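Here is a set of exercises to work through at the bench or at your desk. Keep the viewer open, try each task before you read its solution, and go at your own pace.

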Amino acid sequence: MSAVTVRRLLDLDTLVRLERRRSAAASPPAPTRLAVPAGMTQPLGCDAVSVPARFGPRLMARLPRVGCVYEEAGDAENAAAARWWWIVPADSDVALEWPSPAYYAAGAVVPGARRAPSLIHSPSGGEVPYTPPIPLYLAWCRATGTTPGWSRAVRA
């Protein structure tokens, strides 16, 4: 008895389907936008500033007013990746260099999140979701030991 080899021909449809599956498995998760609670107005648009979660409570204690704050949990392998996200008015990065490891997200879009961060603080009164960006920036500079950009010496 001879062994019969069966060859399966792959047509173009099969090749395209396989490529799409491979691409979908390799692609990062779609960006997630922070959802502002219902009933809050956003007259200035929304951006967000993210900091490592270990700094969150310290920053919260230093701010005169705190808007919406979200927590993004770290994954099982890297709990240190947990972050807090602060809603700020749009364009709060103009003339401000947010010191690392802060991350400024235009449009309040959280890149690479597997699930949406959860709301952990909402302002009392609840009209607008914003944390004032200048006090947040100054508290962040103090927490990281960074001199604010406008206080640095200017070189001619």
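## Exercise 1: a leucine at the surface

L18 is partly exposed, with 42% relative accessible area. Keep in mind as you work that this is a predicted model.

**Task.** Find the element that holds L18, and list the residues of the nonpolar surface patch that includes L18.

**Solution.**
1. Locate L18 in the sequence: this leucine belongs to helix α1, residues 12-26.
2. Check the exposure class. Partly exposed covers the range between 20% and 50%, so the 42% of L18 fits that class.
3. Now collect the patch. L10, L12, L15, V16 and L18 together make a nonpolar surface patch of about 450 Å².

## Exercise 2: the chain as a whole

**Task.** Work out how many helices and strands the chain has, and in what pattern they follow one another.

**Solution.**
1. Count the elements: there are three helices and seven strands.
2. Read them along the sequence, and the pattern is α-β-β-α-β-β-β-β-β-α.
3. Add the burial figure: 35% of the 156 residues count as buried.
4. Turn to the surface. The chain exposes about 10,100 Å², and carbon and sulfur atoms supply 55% of that area.
5. Finish with the contacts. Taking those between residues at least 6 apart in sequence, 79% join residues at least 24 apart.

## Exercise 3: strand β4 and its partners

**Task.** Explain why β4 is described as largely enclosed by the rest of the structure, and identify the strands that pair with β4 over six and over four bridges.

**Solution.**
1. Start with burial. Strand β4 spans residues 83-88, and six of its six residues are buried, so the strand is largely enclosed by the rest of the structure.
2. Look at each face in turn. R83, W85 and I87 are buried on one side, and W84, W86 and V88 are buried on the other, so both faces are covered.
3. Take the six-bridge partner: β2, residues 47-52, pairs with β4 in the antiparallel sense. In β4, W86 is the residue opposite V49.
4. Take the four-bridge partner: β3, residues 69-72, is also antiparallel to β4. Here E71 stands opposite W84 of β4.

## Exercise 4: the largest nonpolar core

**Task.** Name the residues that touch the most other members of the largest nonpolar core, and say which element gives the largest share.

**Solution.**
1. The core has 22 residues, and those touching the most other members are V49, V51, L59, W86, W98, L136 and W140.
2. Sort by element: β2, β4 and α3 (133-144) each give two or more residues to this core.
3. The largest share comes from α3, with six residues.
4. Apart from this core lies another, of 14 residues, including V36, M40, C68 and Y70.
5. Zoom in on V51. Leaving out residues up to four places away in sequence, V51 touches L59, A82, R83, W84, W86, A102 and W140.
6. Move on to L59, which lies in helix α2, residues 56-62, and is buried at 1% relative accessible area.
7. With the same sequence neighbours left out, L59 touches V51, W86, L136, A139, W140 and A143.
8. For a distance to check in the viewer, use the C-alpha atoms of L59 and P135: they are separated by 9.6 Å, while the two residues are 76 apart along the chain.

## Exercise 5: backbone details

**Task.** Find which peptide bond is cis, and compare the surroundings of D91 and A108, each with a positive phi.

**Solution.**
1. The cis peptide bond runs from S100 to P101, with omega near 10 degrees. P101 sits in the loop between β4 and β5 (103-105).
2. D91 is in the loop between β4 and β5 as well. Its phi is near 70 degrees, and at 55% relative accessibility D91 counts as exposed.
3. A108 is placed in the loop between β5 and β6 (109-110). Its phi is near 55 degrees, but A108 is buried, at 1% relative accessible area.
4. Follow A108 to one of its contacts: T32 touches A108, V109, V110, A113 and A116, leaving aside neighbours within four places in sequence.
5. T32 lies in strand β1, residues 32-33, and is buried at 16% relative accessible area.

Key. Residues are numbered from 1 along each chain as its sequence is written. This is a predicted model: local features need pLDDT of at least 70, side-chain atom pairs count only at pLDDT 80 or more; totals for chains, interfaces and linings use all residues. Side-chain values use heavy atoms; hydrogens and water are left out. Buried means under 20% relative accessible area, exposed over 50%, partly exposed in between (1.4 Å probe, protein chains only). Two strands pair if DSSP finds at least two bridges between them. Patches are made of residues with over 30% relative accessible area and no salt bridge: like charges are joined within 9 Å, nonpolar side chains (Val, Leu, Ile, Met, Phe, Trp, Tyr) within 5 Å. Accessible areas come from the Shrake-Rupley method with a 1.4 Å probe; for residues, only the protein chains shown count as cover. A salt bridge is a side-chain nitrogen of Lys or Arg within 4 Å of a carboxyl oxygen of Asp or Glu. A nonpolar core is a set of buried Ala, Val, Leu, Ile, Met, Phe, Trp, Tyr and Cys residues joined through side-chain atoms within 4.5 Å. Contact means heavy atoms within 4.5 Å.
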